[in-house]
Amino acid sequence: MPIDLSPAPLSLACLNGVMMPADEAKVSVWDRGFVFGDAVYEVCRIYQGRSWLEEEHFARLERSLGELEIKGVDMKALRGRTIATIKQSDILEGTVYIQITRGVAPRAHAFPNPPVPPTEFIAVKPYDDSPTQKNRQKGVTILSHPDLRWGRCDIKSTNLLANCMALENVKRKGGFEAALVDRDGLLTEATHSSILWVRDGRLEGTPLEENILPGCTRLLADTLTDRIGMKIHDAKIDLNTLMQADEVLLMGTTIEVMPVVKVDEAVIGKGEPGPITRKLQESYKIALREWLEQTVVIR
Ligand SMILES: Cc1ncc(COP(=O)(O)O)c(C=O)c1O
């Protein structure tokens, strides 16, 4: 097979409407995103140069901005700039990161009054799916960890320290993701993915309340389950129950549908991806293929 010697595409950014190499993008140290983590974000997967589930990601971004009362973002213009940055980057397989902060203001806890213009940052970078693809075939191990996050995990804020600490602890022990367990001993979600499980043939997930992020991939799962004649049932379970599930799976923007074959020391099912997980993986592929085959609408 001939070796591809073409240079890897670079990361391209659009900061407050100006395109530049991502490494050259700079913001003020007084930006509230830097000082307080006063910011929200989204990550979309780019397949064949188009952002997948864009409608859902922008709807969630708008909701996060609304919940935090970050005003002054023109959502239509932001979406247009996101599409333009993806196009200009020439990246076909990648991710696009969108972060909006409350803006630059003298350091004070209360929101600036009058409000300042929000900082808008878009970055497109290539994504190599091959390591994840291997994990999707064989399944992964997840390890339990206390959920130390704040009370509004439904807002996709950049306050991710508790998520980072949990994932770091789990990675050091060889785990792929953390199964976060709250103070009442109940499972919430993972550090950057949603958790679903199968018990007695029923696909279940933690109810979409303020303690978890409504994952766009999990929302898509509602359509995927329709295709296989199932639905996602809300359930609050503890770690022991998760360990005894017939199947466990993670869902997220880059991992898509990821089988879990071990939770801590407990082997899940037969220790290999289960039949319902496989069906979900298959319907994910079909949904993606159908979307890619659709005529591209020029906005
Ligand atoms: C805490 C958390 N839960 C779930 C998800 C999965 O969401 P999505 O499917 O939109 O990627 C993410 C994604 O980053 C996340 O950070």
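**Close-up views of a predicted model**

**View 1. Thr-223 is exposed.** Thr-223 is exposed because 11 other C-beta atoms lie within 10 Å (20 or more would make a residue buried, 12 or fewer exposed, anything in between partly exposed; C-beta atoms are placed from the backbone). Helix α6 (residues 216-227) holds Thr-223. Helices are DSSP runs of H or I with at least four residues, strands are E runs of at least two, and both are numbered from the N terminus. The C-alpha atoms of Thr-223 and Tyr-284 are 9.3 Å apart, with these positions 61 residues apart along the chain. The model is predicted: local features need pLDDT of at least 70, side-chain atom pairs count only at pLDDT 80 or more, and totals for chains, interfaces and linings use all residues. Residue numbers start from 1 along each chain as its sequence is written.

**View 2. An open sheet has six strands.** The order is β2-β1-β6-β5-β3-β4, with antiparallel pairing (two strands pair if DSSP finds at least two bridges between them). β2 (18-21) and β4 (50-51) stand at the edges with a single partner strand each, so one side of each has no neighbour in the sheet. Antiparallel β3 and β5 are joined by eight bridges. Ile-46 has Gly-94 in β5 as its bridge partner.

**View 3. Domain 1 (12-127) meets domain 2 (132-289).** These bounds come from an automatic or database domain assignment. The C-alpha centres of the two domains lie 26 Å apart. Domain 1 gives 21 residues to the contact and domain 2 gives twelve (contact: C-beta atoms, placed from the backbone, within 7 Å). On the domain 1 side, β3 supplies the largest share, eight residues.

Key
Two residues are in contact if their C-beta atoms, placed from the backbone, lie within 7 Å.
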